Amino acid sequence: LELFRLGVPVKTRHNEVAPQQFELAPIFEEASLAVDHNLLTMDVLSKVAHKNKLKVLYHEKPFKGVNGSGKHCNWSMSTDRGENLLDPTVKPETNYRFLLVLVSVLHAVQQHGGLLRTSIASSSNEHRLGACEAPPMIVSVFLGEHLTEVLNSIEESRPIKNFSVPEIQSIKLGGTVLDVKVASLPNISRDLTDRNRTSPFAFTGNKFEFRAVGSKQSPAFPVTILNAAVASAMADVTASLREQMGSKPYPTDADKVAVIKKYIASTKSVRFEGDGYSEAWIQEAEKRGLPNIKTSPEAFEQLLNPVHSDMLTKLGIFTASELQSRHLILQERYSKDILVEANTLRTLLASQILPAAFEYRGSLAQSVSLLKGIDAEQATPELEALQALTPVVKELQVAIADLDKAIEEIHHLSDDPVQEAKFACSHVLPALNGARVAADKLEILTADKYYPVPKYSELLWF
């Protein structure tokens, strides 16, 4: 209601997988306005939550083992008359304008997939990408079986296999329409562009969905990179079309098909219809030469890759010095975020979690002493609990010491943002995870009465 008052065209809101997780979907707008409205939505959500004594979590992965959050950037292009250039129509195989735009997008992702990966890289989104609710870190394109068949038939110069049907068709099982046994209900239909949820960049009917953007991230940078990549790709396709048509005033259908064929063949490597989470896809992507950029510091380096930087400077999106600046800022922000988390965790463990474990151990030791005074055998359960707790306490102390060492060492690299980010990724982050593993074990063994914060198992109960 508050968003309606501000003119933000939100359309639907529904529950998502995680407890108290919701998805909000706006009506499509021009990109610059949509980005502004997206950021305004985040601000309004926080303010309304505060009024109701609630808190909105924008962290992409606030709880391990529970689905994280992200944004789906639904992207398409239209003419100045409002005609959607990504509308395949009923016969996409002869809609050459659509096919030329489609292969331009494929060419953009193939050429600049590494840069698209950069646009969604952050320390927090790293926790989510590649997991069971988020796209993999390898950027590929899902078109669906029908569009794939269109491209394959054009490339192979053969008739299409029964595709020229409306975009929505009835589900058929064993050659019959699905009978739901309810007379008042119509035949069930499905979208022929059914989405692959494991794909980071999927065609969804009349648009592409870039679904790897982080939940606390502004969509401005990903959209800018996507627009730039497609603009550059369109220039390449246009140049090919001009070369193909020669001195003719307009390209013929044969000219268009020839160019479409060329880019269908050259962009095959970036098209993938299977399971993006599988180990087989990782191996297959490597064979295809697709970048598998696993960490944010590595992703940020793509800004300085001549393939990408030349494209961005040629189009006037960034100057060379602006790219250098953004590269260093992103690297520094990454390491600072990791360092804030490391210091916060270190303080929490040392000042609250360990003292709680010590207090519980003291209580167990006192019980053992008192019970032994009656009968040594009577103290066995408490003694076993104490013996199980002690090595885990020691493990956590060692983990805290490792974390201290990593924090100490990273300060020596503060003058070099690139090396600092790499160290944060390779040393501080593993130390953080090591401390977390030990703390999780301790949480299970420590009595609720002594534990100073809500237990993780309680947060995940739903």
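**Figure 1. Strand β10 and its cover.** Strand β10 is mostly covered, with seven of its seven residues buried. The model shown here and in the other views is predicted. Five bridges join β10 to β3, and these two strands run antiparallel. One position of this pairing is Trp75, which stands opposite Phe208 in β10. Phe208 of β10 also has Phe203 standing opposite.

**Figure 2. The hairpin of β9 and β10.** Strand β9 covers residues 201-203 and strand β10 covers residues 208-214. The two strands pair in the antiparallel sense, over three bridges. Phe201 has Phe210 of β10 as its bridge partner, and Phe203 stands opposite Phe208. Four residues lie between the strands of this hairpin. In the turn, Gly205 has a positive phi of about 100°.

**Figure 3. The four-stranded sheet and the helices on it.** An open sheet is formed by four strands in the order β3-β10-β9-β4, with mixed pairing. Its edge strands are β3 (70-75) and β4 (141-142), each of which pairs on one side only. Helix α3, residues 96-119, packs on the sheet and touches β3, β4, β9 and β10. The direction of α3 makes about 10° with that of β10. Helix α5, made of residues 220-245, lies across β3, β9 and β10. Relative to β3, helix α5 runs at about 30°.

**Figure 4. Helix α4 and its surroundings.** Helix α4 spans residues 145-155 and is mostly covered, as nine of its 11 residues are buried. The buried residues of α4 are His146, Leu147, Thr148, Glu149, Val150, Leu151, Asn152, Ser153 and Ile154. They pack against α3, β9 and α6 (253-266). Helix α3 is also one of the helices in the preceding view, where it packs on the sheet. Just after α4, Ser157 takes a positive phi of about 55°.

**Figure 5. Asn152 in helix α4.** Asn152 lies in helix α4. This residue counts as buried because its relative accessible area is 18%, and the cut-off for buried is under 20%. With neighbours within four places in sequence left aside, Asn152 is in contact with Arg158 and Arg271.

**Figure 6. The hairpin of β1 and β2.** Strand β1 takes in residues 10-15, and strand β2 takes in residues 22-26. They pair in the antiparallel sense over five bridges. One bridge partner in β2 is Ala25, which faces Thr12 in the pairing. The hairpin has six residues between its strands. Gln20 in this hairpin takes a positive phi near 60°.

**Figure 7. Glu443 in helix α12.** Glu443 has its place in helix α12, which runs over residues 417-445. Glu443 counts as buried because its relative accessible area is 10%, set against a cut-off of under 20%. Leaving aside neighbours within four places in sequence, its contacts are with Tyr451, Lys455, Tyr456 and Ser457. The view can be related to the start of the chain through Ala18. The C-alpha atoms of Glu443 and Ala18 are separated by 22 Å, and the two residues are 425 residues apart along the chain.

**Figure 8. The whole protein, for orientation.** The protein contains 13 helices and 10 strands. Its C-alpha trace spans about 100 × 70 × 50 Å along the principal axes. Of the 462 residues, 42% are buried. The protein exposes about 24600 Å², and carbon and sulfur atoms supply 55% of that area. Among contacts between residues at least 6 apart in sequence, 68% join residues at least 24 apart. There are 49 positive and 56 negative side chains, and the centres of these two sets lie 4 Å apart.

How values were computed: Residues numbered from 1 in each chain as written. Predicted model: local features only at pLDDT ≥ 70, side-chain atom pairs only at ≥ 80, totals over all residues. Heavy atoms only, no water. Pairing = 2+ DSSP bridges. Contact = heavy atoms within 4.5 Å. Axes fitted to C-alpha atoms, helices over the stretch in contact; angles between N-to-C directions. Buried < 20%, exposed > 50% of the residue type's maximum accessible area, 1.4 Å probe, protein only. Areas by Shrake-Rupley, 256 points an atom, 1.4 Å probe, with all protein chains shown as cover. Lys, Arg positive; Asp, Glu negative; His and termini not counted. Charge placed at Lys NZ, Arg CZ, Asp CG, Glu CD.
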